Amino acid sequence: MASVMSSAPQNPPSSTVYAKNLEERIKIDQLKEALTEIFSEYGNVIDLVAKTNLKAKGQAFIVFDDPASAAKAIEEVNGFELFDKPMQLDFARTRSDAIVLKEEGEDGLDRWKRSRQAERDRKAAQEAANQKLKRPAGQTAAEAGLQARPVKSQKGAGLKGTSTNTAAVIPDEYLPPNKILFLRELPDDYDADGLSRIFSRFEGFREVRMVPGRKGIAFVEYEAEAGAISAKEATAGMQLGDEGKAIRVTYQRA
């Protein structure tokens, strides 16, 4: 198959081809069928991912069982017009689930998914922090600096000094993962033993720590982030107690 246009791949070689500039109006099943027919000429296609959500439209991932097949496909198919649009091909930046499963098995795939979720959580937290730090439209850097300075007390006025703190406060839901979970809105009758029975099911569980004199909150510690991530995903919003009240599970603030 002759290539209409050719450009060197920007990403390191892998077994997965990333295709973009695909016709968005074509039904996904029809698109997958066409891509499978084209790329199967270059090797064994073990997975093909194309999604309908707005962010992923016009893109697809074609997974071969070896990098050589992916490289040959990129070399020969890049620029080929599919549904009147030239495909733009490159190696995918990350490994596909199918490759991780093939190389590392179910346990490896589970670890891979948890690490990707942790990275998404980290990026979401960073984005939330960046949004908080943005200056209002028209405000200069100097003005922002003046606002951030503490207001000193007036000498002899008998007033306490106040300060304006403009540092971003990341919402609890977007805190980056760590190995300690913060539980809130717990039923009053739940103690460390009751919570341990729930949270010890997850890998690397260490302990539940109640807060003396404070009802409805607790901390759960794991040996590593992976266990905390799994526990958070499985228990956030879980209903406990006679009233079936949903608990809040977030990561502990650093």
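**A short tour: strands, a helix and a charged patch**

Hi everyone, let's start with two strands: E1, residues 16-20, pairs with E3 in the antiparallel sense, and four bridges hold that pairing. Before I go on, please keep in mind that this is a predicted model.

Within that pairing, you can find Tyr-18 standing opposite Phe-61 of E3. Strand E3 has another partner to show you. Strand E2, residues 45-49, also runs antiparallel to E3, and four bridges join the two. Here the pair to look for is Asp-47, which stands opposite Val-63 in E3.

So how many of the five residues of E3 are buried? Four of them are, which leaves strand E3, residues 60-64, mostly covered. As a general point, side chains in a regular strand alternate between the two faces of the sheet.

Now let's move along to helix H6, which spans residues 225-235. Its buried residues are Gly-227, Ala-228, Ile-229, Ser-230, Ala-231, Lys-232 and Thr-235. If you follow the chain just past H6, you meet Gly-237, which has a positive phi of about 85°.

My last stop is on the surface. Which residues gather there in a patch of negative charge? They are Asp-188, Asp-189, Asp-191, Asp-193, Asp-242 and Glu-243. Let's pick out one of them, Asp-193, which sits in helix H5, residues 192-199. Is Asp-193 buried or exposed? It counts as exposed, because its relative accessibility is 53% and the cut-off for exposed is over 50%.

That's my tour, thanks for listening!

Definitions and conventions:
Residues numbered from 1 in each chain as written. Predicted model: local features only at pLDDT ≥ 70, side-chain atom pairs only at ≥ 80, totals over all residues. Heavy atoms only, no water. Patch = residues over 30% accessible without salt bridge, like charges linked within 9 Å, V, L, I, M, F, W, Y side chains within 5 Å. Areas by Shrake-Rupley, 256 points an atom, 1.4 Å probe, with all protein chains shown as cover. Salt bridge = Lys/Arg side-chain N within 4 Å of Asp/Glu carboxyl O. Lys, Arg positive; Asp, Glu negative; His and termini not counted. Charge placed at Lys NZ, Arg CZ, Asp CG, Glu CD. Buried < 20%, exposed > 50% of the residue type's maximum accessible area, 1.4 Å probe, protein only. Pairing = 2+ DSSP bridges.
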